[in-house]
Protein chains: 2
Amino acid sequence: MKQYFKVDEWRIIEEGFNPHFNKVAESVFSLGNGRMGGRANFEEAYSGETLQGNYVAGVYYPDKTRVGWWKNGYPEYFAKVLNAANWIGIDISLNGEQLDLAKCKVLNFRRELNMKEGYLKRNFRAVTVSGKEVEVESIRFNSLVDDETGAISYSIRPINFGGYIKLTPFIDGDVVNKDANYDEKFWDEVSKHTWSDGGVLQMRTKKTGFEVATGMKYHISIDGEPEHIEAEPVIREKYIGTEIRMEIKQGQRVTICKYAANLSSQNHPADELMALTQALLDSVCHKGFDTMLAEQAIAWAEKWKQNDIIIEGDAAAQQGIRFNIFQLNQTYTGEDDRLNIGPKGFTGEKYGGSTYWDTEAYCVPFYLATAEQKVSRNLLLYRYKQLGKAIENAKLLGFKDGAALYPMVTMDGTECHNEWEITFEEIHRNGAIAYAIFNYIRYTGDEDYLADYGLEVLIAISRFWSQRVNWSAEREKYVMLGVTGPNEYENNVNNNWYTNTIAVWCLKYTLEVIEKVKASDLTKYSELKYRIDFNEDTETARFKDIISKMYFPYDANLQIYLQQDNYLDKEQTLVKDLPATERPLVQKWSWDRILRSPFIKQADVLQGLYFFEDEYDTDTIRRNYDFYEPRTVHESSLSPCVHSIIAAKLGDIERAYQFYLRTSRLDIDDYNNDTEDGCHITSMAGTWMSVVQGFGGMRVKDGMLSFDPLLPVEWKSLEFQIGFRGTLLSVKVTGEGVSIKNASSQDITVKLHGKDVLIKANAE
Amino acid sequence: MKQYFKVDEWRIIEEGFNPHFNKVAESVFSLGNGRMGGRANFEEAYSGETLQGNYVAGVYYPDKTRVGWWKNGYPEYFAKVLNAANWIGIDISLNGEQLDLAKCKVLNFRRELNMKEGYLKRNFRAVTVSGKEVEVESIRFNSLVDDETGAISYSIRPINFGGYIKLTPFIDGDVVNKDANYDEKFWDEVSKHTWSDGGVLQMRTKKTGFEVATGMKYHISIDGEPEHIEAEPVIREKYIGTEIRMEIKQGQRVTICKYAANLSSQNHPADELMALTQALLDSVCHKGFDTMLAEQAIAWAEKWKQNDIIIEGDAAAQQGIRFNIFQLNQTYTGEDDRLNIGPKGFTGEKYGGSTYWDTEAYCVPFYLATAEQKVSRNLLLYRYKQLGKAIENAKLLGFKDGAALYPMVTMDGTECHNEWEITFEEIHRNGAIAYAIFNYIRYTGDEDYLADYGLEVLIAISRFWSQRVNWSAEREKYVMLGVTGPNEYENNVNNNWYTNTIAVWCLKYTLEVIEKVKASDLTKYSELKYRIDFNEDTETARFKDIISKMYFPYDANLQIYLQQDNYLDKEQTLVKDLPATERPLVQKWSWDRILRSPFIKQADVLQGLYFFEDEYDTDTIRRNYDFYEPRTVHESSLSPCVHSIIAAKLGDIERAYQFYLRTSRLDIDDYNNDTEDGCHITSMAGTWMSVVQGFGGMRVKDGMLSFDPLLPVEWKSLEFQIGFRGTLLSVKVTGEGVSIKNASSQDITVKLHGKDVLIKANAE
């Protein structure tokens, strides 16, 4: 853990130029607007350590699967996030000398991510090798309002010299992916066009054939006065730029405002991209940088109104949670049901695809409470639209009759991960997808969704489970062999309790939804039955048989659920007995040693108890928590949040707070030494859950919100915003008690500490 | 299964030119002499489908490990078999037109591998595109007598034209490995030298720095009369050749005898290689092709005297077993304790390293009975010399205090395999290495080996087992978690019965050998204890505790050993219920489906019952055989032989014969569609075992040979040769009975059908 960035409630601040931390800062300062985003690379050239990254949502490439030993069932290609054209670049030449911070003496360097208003600002002075000193300020943002655009204001002032300065704003499509197999490049040029103050470059991805036009337009001012300067185009393969050469006096400030747009053929006809991009550039350029920036602040204020969490008395915790909320909003806005939430968002290219079970298990609750209903609905529709591919994927593994196995990692519905023990066996992901449907309906009450989409997914998932179990003549029970649970430090185990539990829950919930849909819309139900060839009698009979005869590993002596068969055969050492030098285990121990140890990567039995807490009494939850937590190394970023929520539920507020700290500043403090690859976007939703469900004790039951808040002693107060079925509540917890305000026009009754409380509308 | 080659008792014959089968034929017709070998590539150019392969024993390259997801504990580099300089090449030009069978009409094509005398002969007529017809005969062998050399006699006769013929014998070091990662080349040129009738090229492997000089010398005759013809050298990077141009009349036969030598820096000083190669070439050239070929026949006759198995009444079975014996003798001669038996021998480059547990489990019994004692002793010493690396390997995985884990696949002692479930978990290989020591001592009586080498290996292996088990408080037994047994269609299972059994056996045998060595040579024992820091009291106490408290999965109901914990939770379908279209499973089913199925790749519990048959009564063996065999798909070439031996033991001679057929012609009939990659060398030893131990019923107990023969009804007689402690026995089984002859000068008493029989010396 490093305390590299300054603590501030609304900003992330870097002071001083530290090339060693540059890639970490590039991740943390990333910008995005749901449609496009990228890392905080410098506008000017930089020959030091950097990971260049600009991404366009939904644009991916099917790379060749590369494994040591091929296993039947692996897909031949897998989709990966693509690094796209660099639109931020502005080369600077000072009397013929290139500005490159890796080669300068850098003074007063400061970067600041303003989370309240949604922009990145950078200031520095640099002294070049020949001694020229300049002062630079850049402000950059990806517009929430015009979400296919970004804008940069870049000012440069010679301090100790006058002479020729050349600015070369450019669009560079000749980019690579760091993780490319065989160093392939993924983009071909389609066309390009430049004009006096800008240009557009259109590229096409290989194989997938996505086309993206990336354009720029700029204007120049000197000491605040617009200047028209003749520019000379620079055109290369996959590159357009314009060289702007001017004579500047010492102390004069030259400012370039560069407007950029990224238009994708996913959203526009490919043959109109050039023209549309040029038109959009004209429009935002006409609007101007200052207006765009002001609109950006208003748009972010609107988001914060629904999203903000205010922690008094603990600035580091405050900064942590705001950073998480900010990044989640940058990553996914829910406008487009073809998009999803990659584990790195727009902050890096690692982990290939964009969608893990993280979306359903961690992100859906966040968007349910902090965004319009359509946002989480779109996340559900994303999976609905990929149902056909999930059925294909299950077929590859030998399943039939409409059984679906959603991929472990995906972009477009095809599997992007290739380790047999994960790809083929970490099948509990299917359960999370069903759970998200349940969670969405529970939260929103939107039961129509079930007849239109939800039930079809549920039946396909239940069909999978009903084929995946087998009858054990030995136990006279159904068993589920050869799986990997959420705890990936166990592979290919039998009867993972969590997987068996969520499988049976899926079957039960499917039966329940069948009855619901039959009652509410028999016509739609009949149509669905016909379309998917659902034999209600025999299939539901099988579901019921499995529900009643499923085997769950349990130890009667300890009165705990066993993570899997024979878990107690392991040597029962505890995490506290592990020397610090042996951690993280994944870096210090060989895989077989990890596998046969009792150590748990992330909540597994506890994940199940968290999902289905109403089915277990508090003593049961406590016994399992007391048994498993001391064996958990939390080497997944998704672990501490679940533990925090359960600890809070069990009244152990101090432990809950410790777990919260571990997750909320994970990236700001580069806790796991891997922030340079990008931020842990999906676990940020887990952090939000640990505040709202943990400390806030928020639940939804029988269509009603309930709260059971507890305040860590370190905090003076906690306040969070919750949207629920048309109301917008602000819950404030202090040492004295809890107050709830309702900013909507609709009264609502909630439970507070178990008692009904009416919260009147229009409170301020 | 294809019946492509002709059945003949002593020869493998191919008739007709079939480019589609060329790579299969290249494998089957491979030549080797233990020191060097290669595939049956053509001497003249061939632009059709071919896998070029020439190999020099012990020369390898550490290639980069390439896996999808890196696991801690994988070695960064791994040794692989290297394709070495091509020494067989003779380019032929007919009036300027290159002879290339892929571009000719080919007539009367015939290849014949003469296994009795150890050479490959090829005849054909070819008509070129321009209509020139030639008749060619080539004979080639790798000399057993001069084992760094090979010789070729290549004759060509123009049938319908006269004119200029150009022969270009060459050495080409610019070769690649088909399986190279990143298309790297592995050889650099060191030096080269040509003279009027030959030349030498010296190459060095990258990283490992092995140097190999490959030289050639030739002479030319026309219609049997030696001719001196001026030749012109052709020299390129990594290539030397000489162009020999001559005018030939229609019907004249020109013959080139090309002698080649491969000298390695493993056997000679690197700076003398060029001179030594030239001297060796002079020597064999002076000896002449016909003398060398005659010597070769004598050397092979000597081998056959000790090795041959004669089956009357079943030519296909006869050809099969001779082919297996021939290939085993070509692969390994036991002269050099740095060498071992690769699964493909000199017939292909697949499977990377050279040594698997196949050597100990399958090959040692073959060489014990058919070669001098030093041959199997050298196989044991190979592992002894790699003990340090096995200890290093165990350390990588977290073991300590001198515990050794031998690699799954190796060339020089470092691990060459990188799949966690195999590399880290298929640890039963350690047991096979201990078992080979036991087997060697049992067969030879060479107990001195134990004090000098064996005990040190046994203690290191026992230390590994004693750290690898853990105490299960639940069972109050020692358990072994997270292993892969011989049946690789199960991964990461708990308490594999075979692994637990061989582990406990290792501990017992180590204790027994400690007592033996203490009794026979206390000084050596004390030295060893001191050198390896062996704490006899505490370490043997631990060994004994594990021996007495080890857990073995067993089903009391079925009275069978369970292959692993919870095996009976699987759906108990049988192989006979599998549609043919679903096999082989490894090509038709996804890996998870294979893993959770009951189907067994190769003998697992049965492998243990085979190794330790004396510890189990026949009923126990039969119950387990009856249970497991119907669940076994035999998708490893090492499976049928063990089943054949057990079936024979149980008196089921018909099943034993079926299993035998399946293994003995595996490559000749390209049973598994993979012979083109090379032959299955190590499983050939298993075939031998199924004849001698299966049908012959041969065992060694208390220092005495015993036989319990049974003849398949398809055979008129079976005769095999056995060397045992200075005697050479020939056992002949007919319908009438068994006769044993003793060609040595020493009487011996053996058991025949349980009764002692004296076999007098010097019988013919």
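Select Lys601(A) and Glu488(A) in this predicted model. Their side chains make a polar contact at 2.6 Å. Now check where Lys601(A) sits: the loop between H15 and helix H16 (605-611) of chain A. Is Lys601(A) buried or exposed? Its relative accessible area is 16%, and the cut-off for buried is under 20%, so Lys601(A) is buried.

Show what surrounds Lys601(A). Leaving aside neighbours within four places in sequence, its contacts include Asn487(A), Glu488(A) and Tyr489(A). Another run to select is Thr632(A), Val633(A), His634(A), Glu635(A) and Ser636(A), also in contact with Lys601(A). Add Ser639(A) to finish that shell.

**The annotated binding site**

Next, select Trp357(A), Asp358(A), Lys601(A) and Gln602(A). An unreviewed UniProt entry places the feature "binding site" at these four positions. Center on Trp357(A). This residue lies in the loop between H4 and H5 of chain A. Relative accessibility is 4% for Trp357(A), so the residue counts as buried.

Which residues are in contact with Trp357(A), leaving aside its neighbours within four places in sequence? Start with Tyr362(A), Arg383(A) and Met408(A). Then pick Glu426(A), His428(A), Arg429(A) and Ala432(A). Pro486(A), Tyr498(A) and Gln607(A) are also on the list. So is Gln602(A), another position of the annotated binding site.

**Salt bridges within the chains**

Stay in the loop between helix H4 (315-331) and helix H5 (358-370) of chain A, and pick Lys350(A). Its side chain meets that of Asp677(A) in a salt bridge, 3.3 Å from N to O. Asp677(A) lies in the loop between helix H19 (653-664) and helix H20 (681-695) of chain A, so the pair ties together parts that are 327 residues apart in sequence. Color the two by accessibility. Asp677(A) is buried, at 15% relative accessible area. Lys350(A) is partly exposed, at 38%.

For a pair within one helix, go to helix H3 (residues 289-307) of chain A. Select Lys305(A) and Glu302(A), which lie three residues apart there, about one turn of the helix. They form a salt bridge, with the closest N and O atoms 3.7 Å apart. Lys305(A) counts as exposed at 51% relative accessibility. Glu302(A), at 41%, is partly exposed.

Switch to chain B. Select Glu613(B) and Lys649(B), a salt bridge whose closest N and O atoms are 2.9 Å apart. Glu613(B) is in the loop between helix H16 (605-611) and helix H17 (618-628), while Lys649(B) is in helix H18 (residues 639-649), so this pair ties together parts of chain B that are 36 residues apart in sequence. Glu613(B) is buried, with a relative accessible area of 12%. Lys649(B) is partly exposed, with 37%.

Back in chain A, select Asp8(A), Arg11(A), Glu15(A), Arg110(A) and Glu112(A). Salt bridges that share partners join these residues into one network. Over all chains, the count comes to 131 salt bridges.

**Where the chains meet**

Show both chains and select the contact residues. How many residues of chain A are in contact with chain B? There are 48, in contact with 48 residues of chain B. The two chains bury about 4000 Å² between them, 47% of it on carbon and sulfur atoms. Highlight Trp69(A), Asp569(A) and Arg596(A): in chain A they lose the most area to chain B, together 17% of what that side buries.

Now look for charged pairs. Six salt bridges are found across the interface of chain A and chain B. Select Arg475(A) and Asp569(B), whose side chains meet in a salt bridge (2.9 Å, N to O). Switch on polar contacts. The interface has 16 residue pairs in polar contact, both residues at pLDDT 80 or more.

Which elements give two or more residues to the side of chain A that touches chain B? Color helix H8 (420-423), strand E22 (470-472), helix H14 (585-588) and helix H15 (591-596) of chain A. H15(A) gives the most, with five residues. By type, the residues on this side divide into 16 nonpolar, 15 polar and 17 charged.

**Last stop: residues 698-757**

Select residues 698-757 of chain A. The unreviewed UniProt entry places the feature "domain: Glycoside hydrolase family 65 C-terminal" here. The span is 0% helix and 60% strand. Its end C-alpha atoms lie 14 Å apart.

Methods:
Residues numbered from 1 in each chain as written. Chains lettered and ligands numbered in written order. Predicted model: local features only at pLDDT ≥ 70, side-chain atom pairs only at ≥ 80, totals over all residues. Heavy atoms only, no water. Contact = heavy atoms within 4.5 Å. Buried area = accessible area lost by both parts, 1.4 Å probe. Salt bridge = Lys/Arg side-chain N within 4 Å of Asp/Glu carboxyl O. Polar contact = N/O pair within 3.5 Å; in protein donor to acceptor, adjacent residues only side chain to side chain. Helix = DSSP H or I, 4+ residues; strand = E, 2+ residues; numbered from the N terminus. Nonpolar A, V, L, I, M, F, W, Y, C, P; charged D, E, K, R; others polar. Buried < 20%, exposed > 50% of the residue type's maximum accessible area, 1.4 Å probe, protein only. UniProt positions renumbered as here; feature names shortened; annotations may be inferred.
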